[in-house]
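Colleague: I should like to go through this entry with you, one question at a time. Please reason each answer through before giving the value or name.

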Amino acid sequence: MGLQKRRPCGAAADVNELEYISALHQTGKNELREDGSIQACDIVAFLMSRHGIQVTEEEVEQKIIGTFGQCTRVEEKQDNHDDTSGTQPNTERTSDTSPKGCMNLIQVLALLLIPLLLKAKESLDQAQQESNTIRMQSGTCLHRQKGDSRWPDADIVDNVLRMMLHDATGDASLRPLTKQLVRQILRFYGEVEDSNNEQLLEAMVLAATPDASSDIEGEPILLDQYIFARGLTNDVQHYHIDFENRVTTNFQDVFLEEEDRAKNTENTVKTVRTLSCIDYTADTFRSKSYVVILWVAWILTYFAYLQSHNNILTMAELQCDHLQFGCVLAQGILNWLVIMFQLSVLGSIFVISASAGNINNANHFLTVVGICANLIFIILPFFFEMSAGVVSTEKSREGINPVLYHLSVLCGFVLLIDPVMSIFQRTLSEKSSLFMFVRKHTDNTRLEAAVKRAASFKVNRLVRNARDVHKAAELDGDIGQGLETRYGIAMLAYAKVSDQMEELDGFRRTWNRIWTRELFEDEGIWLTTHVLSGNLAQVTVCVLLAALFIIVYSSELFQQGLDYLDKLVPGYSQRWRLVVPLFVGVVCGELTIISIISKYIPSSVNTVMQFRSGGFESLKGRSFLKLRYAIDNSSLLFGSIFWGTFYTSVMMGFFFMILFGIILWPDFAQLIGLLFANIIGIGLTVMLKWIVLRSYRRVSQQGYYRKSVVLSNVVNIILESWNLALGIGYMVIRGLYFMLAATMFIGRVDVPFLSQDACFVGPIELDSFPLIFRKDLLSHEAHRHPYIERLGVMYMLKLQHDDFGSRAGTYWRLLFIYALLPWMRKYRRHDESLVISGFKFAANRIWTGRMPAESEQSVESSKQAADALSELEMLRAENNNLRMLLFGNGKSSHLTSSCPPDLSGSGVPNSLQKSIITV
């Protein structure tokens, strides 16, 4: 139904999603860091906005960035100092700002992989004992079967270790864990400077050693999958892999853990009040359904009472001559000031007070406040009429008002269910079926728990997609003979699959995945409050339109029309000529509303999926910056969805009512007959044209070329002349299409109707609502994306536990990523050291294969060789390497040669040597 599109898939889509969460996480105003790095200011802003945690940038720099990131973005002059943590030494820069650390995208991925690595470690430990079933402390059972979508493959650690050893040492056989081996692996993956940090090397060996007290210079242990898994996870034991199986919030997992409370020895963080009951950006309130119904109840109550015949608007009428323009202008200004007061002041009082109890662990007082607000503003006005000052509940029995009264009080009674159940919930046992039912249908925490499970699913899918790339690479390379690095052929395989696309879910598939909760449990989709509230408001429009049909039918003017028709043909009722168009108009209006309602949520899901997979640009797109400005405009959505749907349904109903009314009205019978005769004639001639042209195109056209030039030219002249007449009908039909489409899209603020070329008249944007709709989706994604939620858990764990994470563990996880996802290497560093001294083309061997084993065994000799080369000579050597890769004669010299190519250039074709620019 118009929703199905294509998007990137596989490993490339996973990389795009990592860039996307970086674009969401960054807080820069005018630009995005295209390397995907996250700075302390970004983490500070996220923790405050999402969890209400107040920390300083200095704390984040010291604890989070200092452990999991790096300090390469130096922006002011400062002296170099000894690096004891394995980070890059500070270089000298001159600027007015302070030095800033950052986490690049590969380090962000290392944080996201922590739960998966802990699961892999748990599987290995359990395999050493006796069971293939992981029994968690909560009693749940997680099976580490290969098909489990949230549990890593049993051989993932061993597979990555073998790849790492194969590329760094020449074969995949296990060998003793020594500082020399770690240095060799670091140098292979380009961490040359860090490989010379003795303290880092020693810490990495100690982190992987089971007995930390053993002498690492003595008898070394064998680096097998168990030791490798220990190095990957030994520093992050405070994360419990059972977190994702609990119906709790991330904040509760970290700070309200019973064991941690019993210890009472951990750090504390400062939290501030955020009025979570009305937080419509992060949706941190307790019940989303309560908020959705609350806003619909408010809009119905407003039009039922505050816009009634005896309200504050009539009380504010000016005593002046309303025929004069000045009086009309003053009255108009006063009217809108009154409306602003009604909606801004009274609306805020009602919504805040009615939402007071809609928070986690709300006390009885706040719950009672919410109940009282509901009674005072919604329920009691239905049963009691009064007029006091600016408040009037006197009712009108005319028009659509009775329907508004009944819909308003119905919403009021529904709103009472949630707080009453919340009170009773406190008296129920947590294991009772009634308690579980209440929690499932009223607690927002279950949605957050689904996001936690989705994070595990998505990370595991990312790893499996990467393994699929390696499997495809093995089919093309001579891995079994040890002639090529897995690193290099994986990069080639990734280049081949990076442009793969898949179909987005269509309308039916999307609703099916929503019904089965697959979108929530696997993808972590978070439906925004504005969209859900707008959807429910659209349902009320259906009811109002039906009521409008009854009002129009019973109106005096319509009854006069019916009487007129009865007199046209004595003895035969002609009422149907007026009733049928009215009925058709209402039915078309209702079908329009249903169509719009059914498409909003699938459209939201598809838009989010396009952003996540890279179908819409994010980190490296300039247009994404527009989506980060004026996020508060999302407050326009609820009213826009409601009124847009109302206008669309009324206009579509009116259009078809007039159309059928003209067709059926007896006075237009002759004109309609003539019109239909012409339409049938045009249709028959167009059909004849289509049949003739279809046969002609088969025998005369081949692509853009003509088989019979003479016949083609003659036919073109005939068509040019004929289309002079047909163009009249085509343009009339085109105009009708445009009018119908424009009418339909008044209520569709989720998708752009105008193209980029037609959307702007000078600097004025004609339709900004689709942009606002995307801003709302992205602001929720910035708080609720499964990856960002998991990053938030890691940030909070580090703030809570000083010993959570270490530099050594971070580097072990980086090596894991280098081996499994070598295409992420480009996000590691983007500073000047990469261009000159920090990057050595031969050391990385992305394309050139493996260096001779003799040179790898001697670190000192490699240092001397590197020092002997000047920067210019290094660039010349790299250029020669690239020339041989691109223009070498033989298969072995193309991109994946087993040894470094000859730098003499003898393998380059003579015809191409002149065209190569040398350094």
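Colleague: How many of the 10 residues of helix α7 (residues 179–188) are buried?

Modeller: The model is a predicted one. Residues count as buried when their relative accessible area is under 20%. The buried residues of α7 include Arg183, Gln184 and Arg187, as well as Leu181, Val182 and Phe188. Helix α7 is mostly covered, and the number of its buried residues is 8.

Colleague: Which residue with a positive phi follows α7?

Modeller: Helix α7 spans residues 179–188. After α7 comes a residue whose phi is positive, near 90°, and this is glycine 190.

Colleague: How many salt bridges does a search of the whole structure find?

Modeller: A pair qualifies when a side-chain nitrogen of Lys or Arg is within 4 Å of a carboxyl oxygen of Asp or Glu. Aspartate 158 and arginine 162 satisfy this, with their closest N and O atoms 3.4 Å apart. Over the whole structure the search gives 38.

Colleague: Where do aspartate 158 and arginine 162 lie, and how far apart are they in residues?

Modeller: Aspartate 158 is partly exposed at 22% relative accessibility, and arginine 162 is partly exposed at 30%. In an α-helix there are 3.6 residues a turn, so residues three or four places apart point the same way. Both partners belong to helix α6 (residues 156–169), and their separation, about one turn of the helix, is 4 residues.

Colleague: In which elements do aspartate 563 and arginine 575 lie?

Modeller: The side chains of aspartate 563 and arginine 575 form a salt bridge, 3.6 Å from N to O. This pair links distant parts of the chain, 12 residues apart. Aspartate 563 is partly exposed at 37%, as is arginine 575 at 27%. Aspartate 563 is in helix α24 (residues 556–568), and arginine 575 is in the loop between α24 and α25.

Colleague: Are arginine 612 and glutamate 781 buried or exposed?

Modeller: Their side chains meet in a salt bridge with an N to O distance of 2.9 Å. Arginine 612 is in helix α25 and glutamate 781 is in helix α29 (residues 769–784), so the salt bridge ties together parts that are 169 residues apart in sequence. Arginine 612 has 1% relative accessibility and glutamate 781 has 3%. Because the limit for this class is under 20%, arginine 612 is classed as buried, and glutamate 781 is likewise buried.

Colleague: Which residues do salt bridges with shared partners join into one network?

Modeller: Among the members are the acidic residues Glu17 and Asp505, along with Lys458. Lysine 458 also lies over the face of tyrosine 787, at 5.7 Å from the ring centre. The full network is Glu17, Lys458, Arg461, Asp505, Arg509, Arg513, Glu518 and Glu523.

Colleague: Over the face of which residue does arginine 784 lie?

Modeller: The relevant distance is 4.1 Å from the ring centre. A charge sits over a ring only if it is within 6 Å of that centre, a limit that this distance meets. The ring belongs to tryptophan 526.

Colleague: What kind of aromatic pair do phenylalanine 611 and phenylalanine 616 form?

Modeller: The count of aromatic pairs comes to 33. In the pair of phenylalanine 611 and phenylalanine 616, the centres are 5.2 Å apart and the planes are at 75°. Phenylalanine 611 is buried at 3% relative accessibility. Because planes over 60 degrees apart define the class, the pair is edge-to-face.

Colleague: What kind of aromatic pair do phenylalanine 745 and phenylalanine 753 form?

Modeller: Phenylalanine 745 is partly exposed at 29%, and phenylalanine 753 is partly exposed at 34%. Their ring centres are 5.1 Å apart, with 35° between the planes. That angle is neither under 30 degrees nor over 60, so the pair is tilted.

Colleague: Which helix gives the most to the nonpolar patch?

Modeller: The patch consists of Phe655, Leu659, Phe660, Ile728, Val732, Leu736 and Met739, with about 610 Å² of accessible area together. Helices α26 (637–664) and α28 (709–744) each supply at least two of its residues. Methionine 739 is located in α28. With 4 residues, the helix that gives the most is α28.

Colleague: How many disulfides does a search of the whole structure find?

Modeller: Cysteine 102 is buried at 2% relative accessibility, and cysteine 411 is buried at 13%. A disulfide requires two cysteine sulfur atoms within 2.5 Å. The number found in the whole structure is 0.

Definitions and conventions: Residues numbered from 1 in each chain as written. Predicted model: local features only at pLDDT ≥ 70, side-chain atom pairs only at ≥ 80, totals over all residues. Heavy atoms only, no water. Phe/Tyr/Trp six-rings, centres within 6.5 Å; stacked < 30°, edge-to-face > 60°. Buried < 20%, exposed > 50% of the residue type's maximum accessible area, 1.4 Å probe, protein only. Lys NZ or Arg CZ within 6 Å of the ring centre and 35° of its normal. Patch = residues over 30% accessible without salt bridge, like charges linked within 9 Å, V, L, I, M, F, W, Y side chains within 5 Å. Areas by Shrake-Rupley, 256 points an atom, 1.4 Å probe, with all protein chains shown as cover.
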